[in-house]
Amino acid sequence: MRQHEQRLRIIKLLLAGQFAAAILAGLIGSFWGSSAVFGALAGGLTAWLPSCYFAFRAFRYRRARNAQLIVRSFYSGVTGKLIITACLFSIVFVSLRPLNAPAVFLGYIGVLMMNWIVPLFASRDSAETGR
């Protein structure tokens, strides 16, 4: 049970970090005008929303006896994440005018980078506290 609690803590930290990065991308975009603000925020949210869906779908089951359900939930989570990402990019590129494409992609990449940054800090924190 302890390992499951730690996994949930890291997932929550990751999603919170991604959301904060999406907001930060929008704030940084304000230096280049309103189209960059909306573009960076839209790109960040385009990465964050599918990640939330994946976390919800992939981590529903945790017992070893449910191995098939675990694998199936991961596959459905990844598939749904890809479909949601494609749909959100389509919505952003069709509806956001004027479009600042570099800001959209930088916001997207900035949020995805949190997938590497948060686990590094979480593992460092766990090592320091002895968890």
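A pocket is an open set of grid points where a 1.4 Å probe fits, with protein on both sides within 12 Å along at least five of seven lines. The exercises below apply to a predicted model.

**Exercise 1. Describe the largest pocket: its space, its lining and the helices that supply it.**

Step 1. Take the volume. The largest pocket holds about 290 Å³ of space.

Step 2. List the lining. It comprises 15 residues. A25, I28, A40, L106 and G107 lie nearest the pocket centre.

Step 3. Assign helices. α1 (2-29), α2 and α4 (101-129) each supply at least two lining residues. α4 gives the most, with six.

Step 4. Sort by character. The lining has 11 nonpolar residues, four polar and no charged.

**Exercise 2. Classify the aromatic pair of F59 and F74, and place both residues in the chain.**

Step 1. Read the geometry. The ring centres of F59 and F74 are 5.3 Å apart, and the planes make 80 degrees.

Step 2. Apply the cut-offs. Centres within 6.5 Å make a pair, and planes over 60 degrees apart count as edge-to-face. The F59 and F74 pair is therefore edge-to-face.

Step 3. Locate the partners. F59 is in the loop between α2 (34-58) and α3 (67-95), whereas F74 is in helix α3. They are 15 residues apart, and the pair links distant parts of the chain.

Step 4. Check exposure. F59 has 28% relative accessible area and is partly exposed. F74, at 32%, is also partly exposed.

**Exercise 3. Which residues form one aromatic cluster, and which ring does the charged end of K81 sit over?**

Step 1. The structure holds nine aromatic pairs. F89, F93, F105 and Y108 form one cluster.

Step 2. The charged end of K81 sits over the ring of F54, 5.6 Å from its centre.

Notes. Residues numbered from 1 in each chain as written. Predicted model: local features only at pLDDT ≥ 70, side-chain atom pairs only at ≥ 80, totals over all residues. Heavy atoms only, no water. Phe/Tyr/Trp six-rings, centres within 6.5 Å; stacked < 30°, edge-to-face > 60°. Helix = DSSP H or I, 4+ residues; strand = E, 2+ residues; numbered from the N terminus. Buried < 20%, exposed > 50% of the residue type's maximum accessible area, 1.4 Å probe, protein only. Lys NZ or Arg CZ within 6 Å of the ring centre and 35° of its normal. 1 Å grid on protein atoms, 1.4 Å probe; cavity = no way out; pocket = protein on both sides within 12 Å on 5 of 7 lines; lining within 4 Å. Points joined across faces, edges and corners; volume = space filled by probe spheres on them. Nonpolar A, V, L, I, M, F, W, Y, C, P; charged D, E, K, R; others polar.
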